[in-house]
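Okay, thanks everyone, let's get going. I'll put the structure up and just talk through what caught my eye.

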There are 2 protein chains.
Amino acid sequence: MRGARLRKKSNQNTKDYHHGNLRDALLKETLKLLKKKNPTELSLRDLARRIGVSHGAPYRHFPSLNALLAALAEEGFHIFADFLSLNRSEQQQSEPLPRFRQMAFEFVRFSLQFPIHFRLMFTQVVVDHEEFEDLKQAGETAFRILADSVGNLQAQGILRVHDPIVTSVFIWSSLHGFCSLLLDQRLGFLDIDENKVDTIIEAFYQNMMDGLAVVK
Amino acid sequence: MRGARLRKKSNQNTKDYHHGNLRDALLKETLKLLKKKNPTELSLRDLARRIGVSHGAPYRHFPSLNALLAALAEEGFHIFADFLSLNRSEQQQSEPLPRFRQMAFEFVRFSLQFPIHFRLMFTQVVVDHEEFEDLKQAGETAFRILADSVGNLQAQGILRVHDPIVTSVFIWSSLHGFCSLLLDQRLGFLDIDENKVDTIIEAFYQNMMDGLAVVK
DNA sequence: CTTTTCATGTTGATATTGTCTACATAAGGA
DNA sequence: TCCTTATGTAGACAATATCAACATGAAAAG
């Protein structure tokens with residue numbers, strides 16, 4: 001499972017017997033199917049059939065469907081960390097506060113660009129994080145990117161001083177919750193279109209920063 | 001499915017053939033099993049076996065396992081609405097703002113008292129809300145309790161004036177996200193115990209109300 | 001009181017799946 | 001060249017979802 005990553009120089013002219021890139025093919029096919037189906041509706045046998053290998057083949061790469069989904073979730077967290085680090089932005093803000101603002105926006109942007117990953121990443125029910133150590137690590141790494149940023153901003157007196165972890169949990173939760181509801185279309189009655197999303201994120205950010213109360 | 005609710009005066013001295021209360025028994029047994037298992041690990045046949053009926057019996061009440069879970073989620077939203085209305089509190093605050101504060105706390109309290117329901121309610125992956133109209137309705141009803149309250153507070157100048165729906169989404173998201181992470185033990189590294197939960201909710205509430213920024 | 005109807009439960013059959021074991025193939029190192 | 005090992009195949013078994021045909025009894029209809 002570990003050596004699988006640096007396996008095979010992808011013998012493109014796929015011979016009959018060995019697929020050559022089954023692991024990746026499984027991940028891609030799963031991603032493709034998840035656009036139309038729930039994880040519950042997937043099966044390893046069906047995946048194998050679609051790819052054109054025998055029903056036993058997938059087990060050489062993943063012990064279970066859950067493990068496969070966990071791999072996708074982990075991949076998601078790595079990409080997510082990239083977003084939060086602003087590595088995926090065309091232009092990065094340089095000042096601390098604008099950078100923080102950008103991070104919040106990137107959070108949501110990730111969820112919209114990688115909705116399937118996002119759902120897998122934050123759905124305990126499908127993938128038990130405790131069961132997959134690497135996945136758990138990847139998640140915590142991403143969180144710490146936010147937490148470190150918050151800590152710095154608090155130290156610089158730009159954000160109110162609280163336990164930075166608690167504050168980060170607040171931010172993480174808010175954004176995570178918002179994205180979840182967005183993706184699950186649980187906010188369908190809001191009739192959100194592309195433009196309005198930015199407006200709502202903006203309102204969100206303002207709420208986070210300025211609070212709801214009139215008087216302090 | 002509709003008549004099933006006002007079915008049968010629960011013939012307690014259960015005869016051999018008819019169970020008499022299978023629908024409720026299925027819901028209860030499922031709830032019991034979900035304390036130790038993921039929804040994915042359940043099966044209708046297993047449920048039937050545990051209750052002592054044949055493997056076909058459950059289909060008379062639920063067309064699928066998902067429908068059964070949807071029923072539980074719907075039940076959850078009804079209870080949730082009760083919490084948000086403060087009907088479950090021993091003593092209700094009378095002033096608007098304390099009432100609002102209490103509502104926020106009740107939100108989290110519900111998630112801790114009904115974690116299984118909560119997870120089902122907010123997990124699109126397991127139960128597709130679009131597929132179950134009643135469930136969707138119940139969810140929106142609960143949301144509107146919050147939204148109405150927010151609208152009033154804004155009208156009274158107690159909360160900053162925004163689109164009340166957008167503000168409600170912010171609150172709902174924050175609390176929902178927080179609870180999700182709590183229940184999924186994704187915040188395990190915080191080492192949360194009973195007392196600390198209240199402290200964190202408190203911090204949460206303050207953050208929501210006062211915002212993160214130093215200057216407004 | 002008798003008959004009929006219908007919701008509820010049973011039984012059996014079929015297709016699909018997860019999972020295990022034994023075997024086949026090929027690619028690379030000794 | 002031979003051997004080891006990763007990868008894929010084939011077959012078997014138990015469990016499941018799902019459907020259809022049938023059984024039962026409670027309540028309505030007469």
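So, what covers the buried residues of H2(A)? The cover includes helix H1 (22-33) and H3 of chain A. This is a predicted model, by the way, so keep that in mind for everything I say. H2 itself is residues 44-51 of chain A, and the buried ones there are A:Leu44, A:Asp46, A:Leu47, A:Ala48 and A:Ile51. Right after H2(A) you get A:Gly52, with a positive phi near 95°.

Let me zoom out to chain A. The secondary structure comes to eight helices and zero strands, so if you read along the sequence the pattern is α-α-α-α-α-α-α-α. Of the 216 residues in chain A, 51% are buried. On contacts, take the ones in chain A between residues at least 6 apart in sequence: 63% of those join residues at least 24 apart. And for the surface people, chain A has an accessible surface of about 11000 Å², with 48% of that belonging to carbon and sulfur atoms.

Next, phi again. In general, most residues other than glycine have a negative phi. Now look at A:Leu86, which is not a glycine and yet has a positive phi of about 65°. Where is A:Leu86 found? In the loop between helix H3 (65-84) and H4 of chain A. Is A:Leu86 buried or exposed? Its relative accessibility is 2%, so A:Leu86 counts as buried. Over in the other chain, B:Leu86 also carries a positive phi of about 65°, and B:Leu86 lies in the loop between helix H3 (65-84) and H4 of chain B. B:Leu86 comes out at 1% relative accessibility, so that one counts as buried as well.

That loop takes us to H4. In chain A, helix H4 covers residues 96-113, which is 18 residues, and reaches 25 Å from its first C-alpha to its last. That's close to the 26 Å expected at 1.5 Å a residue. The buried residues of H4(A) include A:Phe100, A:Phe105, A:Phe107 and A:Phe110, and also A:Gln102, A:Glu106 and A:Ser111.

With that many Phe names on the slide, let's do the aromatics. How many aromatic pairs are there over all chains? The count comes to 34. One of them I'd like to show is B:Phe100 with B:Tyr205, 6.3 Å centre to centre with 50° between the planes, a tilted pair. That pair links distant parts of the chain: B:Phe100 is in helix H4 (residues 96-113) of chain B, B:Tyr205 is in helix H8 (residues 194-210) of chain B, and they're 105 residues apart. B:Phe100 is at 2% relative accessibility, so buried, and B:Tyr205 counts as buried at 7%.

Then there's B:Phe107 with B:Trp172. The ring centres are 5.7 Å apart and the planes are at 90°, so this pair is edge-to-face. Again the pair links distant parts of the chain, with B:Phe107 in helix H4 of chain B and B:Trp172 in helix H7 (residues 164-183) of chain B, 65 residues apart. B:Phe107 counts as buried at 2% relative accessibility, and B:Trp172 does at 4%.

Back in chain A, A:Phe107 and A:Trp172 both belong to one aromatic cluster, which also includes A:Phe77, A:Phe80, A:Phe83 and A:Phe143.

And while we're on Tyr205, there's a charge to look at. In chain A, A:Arg101 lies over the face of A:Tyr205, at 5.6 Å from the ring centre. In chain B, the charged end of B:Arg101 sits over the ring of B:Tyr205, 5.6 Å from its centre.

Last topic, how the two chains go together. You can lay chain B on chain A with an RMSD of 0.1 Å, using a turn of 179° and a shift of 0.0 Å along the axis. So the two copies are related as by a two-fold rotation axis. Of the interface residues of chain B, 96% are also interface residues in chain A, so the copies meet through the same surface.

For one spot to click on, try A:Asn207, in helix H8 (residues 194-210) of chain A. A:Asn207 counts as buried, at 2% relative accessibility. Leaving aside neighbours within four places in sequence, A:Asn207 is in contact with A:Leu212 from chain A, and with B:His162, B:Thr167, B:Phe170 and B:Gly211 from chain B.

Okay, that's what I had.

Terms used:
Residues numbered from 1 in each chain as written. Chains lettered and ligands numbered in written order. Predicted model: local features only at pLDDT ≥ 70, side-chain atom pairs only at ≥ 80, totals over all residues. Heavy atoms only, no water. Helix = DSSP H or I, 4+ residues; strand = E, 2+ residues; numbered from the N terminus. Expected span 1.5 Å × (residues − 1). Buried < 20%, exposed > 50% of the residue type's maximum accessible area, 1.4 Å probe, protein only. Least-squares fit on C-alpha atoms with pLDDT ≥ 70 in both. Contact = heavy atoms within 4.5 Å. Phe/Tyr/Trp six-rings, centres within 6.5 Å; stacked < 30°, edge-to-face > 60°. Lys NZ or Arg CZ within 6 Å of the ring centre and 35° of its normal. Areas by Shrake-Rupley, 256 points an atom, 1.4 Å probe, with all protein chains shown as cover.
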